[in-house]
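Please walk through this protein chain and its ligand with me. We go from the overall layout to the fine backbone detail.

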Amino acid sequence: MRENAVSVLSSYVDALRPIIYINHFDFKVVDDLINSISEHARIVEFNNAFGAIDFKSKLVKNEYTLESFLKIVMDDGYDQETFVVLKDVQAELKNPKVIALLKRIAEFNLEKEDYHENVFIVSGELLIPSELEQFITVFDIPLPETGEIRDLILDYGRGMNIEIPKETADEIAISLKGLNEFQIKQILNLAYQNGGTITKEDKSLIVKEKELLVKKGGMLEIVNFKEKIEDIGGLNNLKQWLERKAQIFKDLDSAIKFGVDVPKGLLIVGMPGCGKSLTAKATANLFEIPLVRLDVGRLLGKYVGESENNMRKALKLAEAISPCVLWIDEIEKAFAGIGNGNGGNEVAIRLFGQFLTWMQEKESTVFIVATANNIENMPPEFLRKGRFDELFFVDLPSEEERRSILEIHLKKRGKWNSKIDVGRLINETKGFSGVDLESAVKNAIEECFMKNKCAVTTQWLLQSIKETKSISVTLKDKINKLKGDLEKYNFINAYK
Ligand code: ATP
């Protein structure tokens, strides 16, 4: 990680990138990096809290304002190669005089052969004034790779005098992927304090810590779930596919070592109320990993670049807590109108491009479950083979599937008995979705409770079915349209 970061950062300096924005909160890590690429460069530092400070000793030299500091160091680039390190100055980047000074340093650096001065803005917050956009290069410190995390864990064990088997370190390292060195050490400390050692059981502690990170970040939502794969009636094809992928997720380390590709995720399109959300939750349960929801609407911001920045943060956060299921509900609405020839709005197009590139390049263990009610406005790039591992279509349940859904919901409420004539119920529920079947069962039970808690019989259920307005009646046209649209793509029927 470190070698990689050093070589990328020094290549930016060599390529005359005048202002490098290092988006990181751990200043010690950043100082080490800047120091290791400085070679002959003189380093001057400004910290918003203190003014000019000595880069090495951190002693305060002068309580300048940023503006006066920049005026003083502006010409240093003529005498000697100079690195100007500015820390926590994001609020000052709204000051037009500061912007003008930074712009001048950047222009000199690009235009004058005898001038070498690079500015490093270091902050955990990314805020780029539009006037400086073309001069700024954002640099994200790469997160440690699995092997590096394993070494950190083993080093930690040696430091604490505890024996951590290599196999344990390998497994824990995968769960810690996505976190920076500082966060990893914090979690190891916590695990050590809890049990006096580090074991595979600490994976649940890591999941909890990662959930806290999500809550703090605010870009994603942690979804609590109790739904299991057995709670889904029908969808056998989809369930079998998921069970296969679950085996990989539950044994990630050896799967990756064996050469298995980490599953990317799936897209489920289909009728409302037929179990798409249920599947997202049951997947997380089956894989034994957290479920986080990405709501693209929530990422939209008022300022230029704000939405893209939010998307970047959200995806980084998902990676930080991976392995996890990233659920994007109603994905057709999130990126509506792109690629259908009607233009779509510019921010949505950029967000979509960003998401697609991330999906394409991602090597993390974020498993995407995208769900959609229709594909009419969905960009075709999404539906091409290779984006998702598989595209599933959820139709209305057939006879056999209705039987199993009815059974699940009756059993769940303790009202299943062999006297119920399921055959008749199936005949009367053609065109019902899963949620229709569930509400027929719920209403029948409620009615029986009202009628002096009488037994839930076939008659009561038939009565309730009669009163339920099924989805195929209310959404007939939409369903036919969806079926037509799906024929153009390679969707697999989730049921068969
Ligand atoms: P929407 O597109 O409207 O969000 P959805 O396909 O995501 O719909 P769910 O939220 O998964 O639908 O389904 C609603 C409820 O209906 C579920 O919580 C579950 O109780 C019941 N249900 C739907 N499909 C099934 C199924 N195949 N098996 C068992 N229950 C089901």
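What follows covers domains, a helix pair, the ligand and two backbone features.

This is a predicted model, in which local features need pLDDT of at least 70, side-chain atom pairs count only at pLDDT 80 or more, and totals for chains, interfaces and linings use all residues. Residues are numbered from 1 along each chain as its sequence is written, and side-chain values use heavy atoms, with hydrogens and water left out.

Start with the domains. The assignment splits the protein chain into domain 1 (2-139), domain 2 (146-217), domain 3 (229-394) and domain 4 (399-474). Such bounds come from an automatic or database domain assignment. Taken over C-alpha atoms, the centres of domain 1 and domain 3 are 38 Å apart.

Next, a helix pair. Helices (H or I, at least four residues) and strands (E, at least two) are DSSP runs, numbered from the N terminus. Helix H10 spans residues 236-250 and helix H12 spans residues 276-287. Their axes come within 9 Å and cross at roughly 35°. Axes are lines fitted to C-alpha atoms, for helices over the stretch in contact, and angles run from 0 to 180 degrees between N-to-C directions.

Which residues of H10 and H12 meet? H10 brings Leu238, Leu242, Glu243, Lys245, Ala246, Phe249 and Lys250. H12 brings Thr279, Thr283, Leu286 and Phe287. Contact means heavy atoms within 4.5 Å.

Now the ligand. Around it are 17 residues, with Gly233, Gly273, Ser277, Asn373 and Glu438 coming nearest. A residue is near if one of its heavy atoms lies within 4 Å. A side-chain N or O atom of Glu438 is 2.7 Å from a ligand oxygen atom. Backbone N or O atoms also take part: one of Cys274 lies 3.1 Å from a ligand oxygen atom, and one of Leu278 lies 2.9 Å from a ligand oxygen atom.

Finally, the backbone. Ser322 and Pro323 are joined by a cis peptide bond, with omega about 5°. Pro323 sits in the loop between helix H14 (306-321) and strand S11 (324-328).

Technical notes:
A polar contact is a pair of N or O atoms within 3.5 Å; within protein, one must be able to donate a hydrogen and the other to accept it, and residues adjacent in sequence count only if both atoms are side-chain atoms.
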